[in-house]
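Me: I would like to go through this model with you, one feature at a time. Shall we begin with a helix?
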Amino acid sequence: MSTKLRRKWFALITFVLLISLVVGCSGSNETNSQSQSETEGDELKGTITMWGWDTNYIEVVSKEFNKVYPDIKIELTNVAAEDYLQKVQTTLASGGELPDILWGERNYRGKIFELDIWENLEEEPYQFDKTLVFDYLDELTTNPKGEVIALEQSLTPGALAYRRDLAKEYFGTDDPKELEEMFQSIDDFIEKGKEVQAKSGGEVYMFSSLGELNEIFTAQSQKPLMDGEVVDVSGKMGEVIENVVKVRDAGIVDKLEIWSPQWNASFADGKHIFFPAANWAPQYVIKPNDKDGEGRWGLMKPPGNAYSWGGTVFGISKDSKEKELAWTFMNWLLLTKEGADASKLVNFYVPLKSVYDDPEFASSEDPFFNNQDVGKFWMEEIVPELEVPQISASDSVVKDATNLILNLLNSDSDVDADEAITKLKDEVKAKLPDKEIK
């Protein structure tokens, strides 16, 4: 073979080898990219502890999480939301060990956020970027120092659920848009509510409980409870109490106590038309309490501001020995598409904005709600309008005191709004003697 020919063969072989190398590397990179989380999942091992109250939720999302991270175990100890703060405080006082992942329920979050037990998630090694989530959540996940110390488990948009059969009977329509047009103010509810009372011989009410009205009106208020160091009860709750009393005096709300067995039964009894509802309410409240109600429920926007009701955050204990595992779980569950899919199995909507770029992601037509697309309702009609005031350590005190005043308003129709707000301030002052109350 001539030298010239040998050179041509050498060049050809070299070219083929180079192409093979490039293709091989490319294929290897693609494979590595696809299997990176699987490899990482195979490497991470251990147990994450947490205290919380939603066993079903943890069981569902943990099952999905373990498909990627099979050797990370989630260990949940059941603690009721109303007992959580006290358990944390007694554990700290006794020198006990807190769980790796801390929970914070909305009503008690301001108080527990004051405890120096939370990791700052914006710092190393977490480097959480809060622009990834919805802006309004900033007020709900930061401590008094302005540090982001938790991630919201789910968006919690609120609205009005209603009985379609009763709406059709008394208002002539069960269409949510037509009802929103019909009910644009509290006065509209009062006017129609009186008609319902007359037509039903006093048997059917617009609402079942003053507690329901309080939840809606308080959540709609954009006024913060704290005015500097002063607990501004009048500013936060004055208009709320006035509106509650106004509706009570109109005779369109029943006297049931919210969350009581009687209230639970009211979803199916056909005597109450409207109920407050957040995205968690259909699964955890409405469907269990109206087992034969498929097709007779609807969702509509309330008059006034959009509101957020309830909610839970997850954060990492400063003393946790499994911080990497805890963040791996939280990051996967709340800040990835895969976690969003897992959360959607229990009708929770993660705070990650990017997953909703696909309008079909949130879509969820529910036969129980007459095939209304409840997912798009929450994400397209309520969430974009949400604003919330800054939480505070006094929130739970005011809420508990308000519940006492609601019981008084229920039992004594002679108590007016002025007397109710005065008694509310007295109750708060008794619980917070070192605070200025106005």
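Reply: Certainly; please note that the model is predicted. In helix α8, the buried residues are Phe 189, Ile 190, Gly 193, Val 196 and Gln 197.

Me: Why are they on the same side of α8?
Reply: Their directions cover an arc of only 125 degrees around the axis, which places them on the same side of α8. An α-helix has 3.6 residues a turn, so residues three or four places apart point the same way.

Me: What covers the buried residues of α8?
Reply: The cover includes the strands β5 (157-163) and β8 (274-278), together with the helices α6 (164-171) and α10 (233-250).

Me: Which exposed residues does the face turned away carry?
Reply: Ala 198 and Lys 199 are the exposed residues on that face of α8.

Me: What should the span of α8 be, and how far apart are its ends?
Reply: At 1.5 Å a residue, the 14 residues of α8 (186-199) should span 20 Å, and the end C-alpha atoms are 20 Å apart, so the two agree. Just after the helix, Gly 201 adopts a positive phi of about 65 degrees.

Me: Changing topic: what is the volume of the second largest pocket?
Reply: Its volume is about 510 Å³. The lining comprises 27 residues, and Gly 110, Glu 114, Ser 392, Ala 393 and Ser 394 lie nearest the centre.

Me: Which helix gives the most to that lining?
Reply: α3 does, with 4 residues. Helices α3 (81-93), α4 (109-112) and α16 (395-411) each supply at least two.

Me: How do the lining residues divide by character?
Reply: The lining of this pocket has 11 nonpolar, 11 polar and 5 charged residues.

Technical notes
Residues are numbered from 1 along each chain as its sequence is written. This is a predicted model: local features need pLDDT of at least 70, side-chain atom pairs count only at pLDDT 80 or more; totals for chains, interfaces and linings use all residues. Side-chain values use heavy atoms; hydrogens and water are left out. On a 1 Å grid over the protein atoms alone, a cavity is a set of points where a 1.4 Å probe fits but cannot get out, and a pocket is an open set with protein on both sides within 12 Å along at least five of seven lines; lining residues have an atom within 4 Å of a point. Grid points are joined across faces, edges and corners, and a volume is the space filled by probe spheres set on the points. Ala, Val, Leu, Ile, Met, Phe, Trp, Tyr, Cys and Pro count as nonpolar, Asp, Glu, Lys and Arg as charged, and the others, Gly among them, as polar. The expected span of a helix is 1.5 Å times one less than its number of residues. Buried means under 20% relative accessible area, exposed over 50%, partly exposed in between (1.4 Å probe, protein chains only). The arc is that of the directions from the helix axis to the C-beta atoms. Contact means heavy atoms within 4.5 Å.
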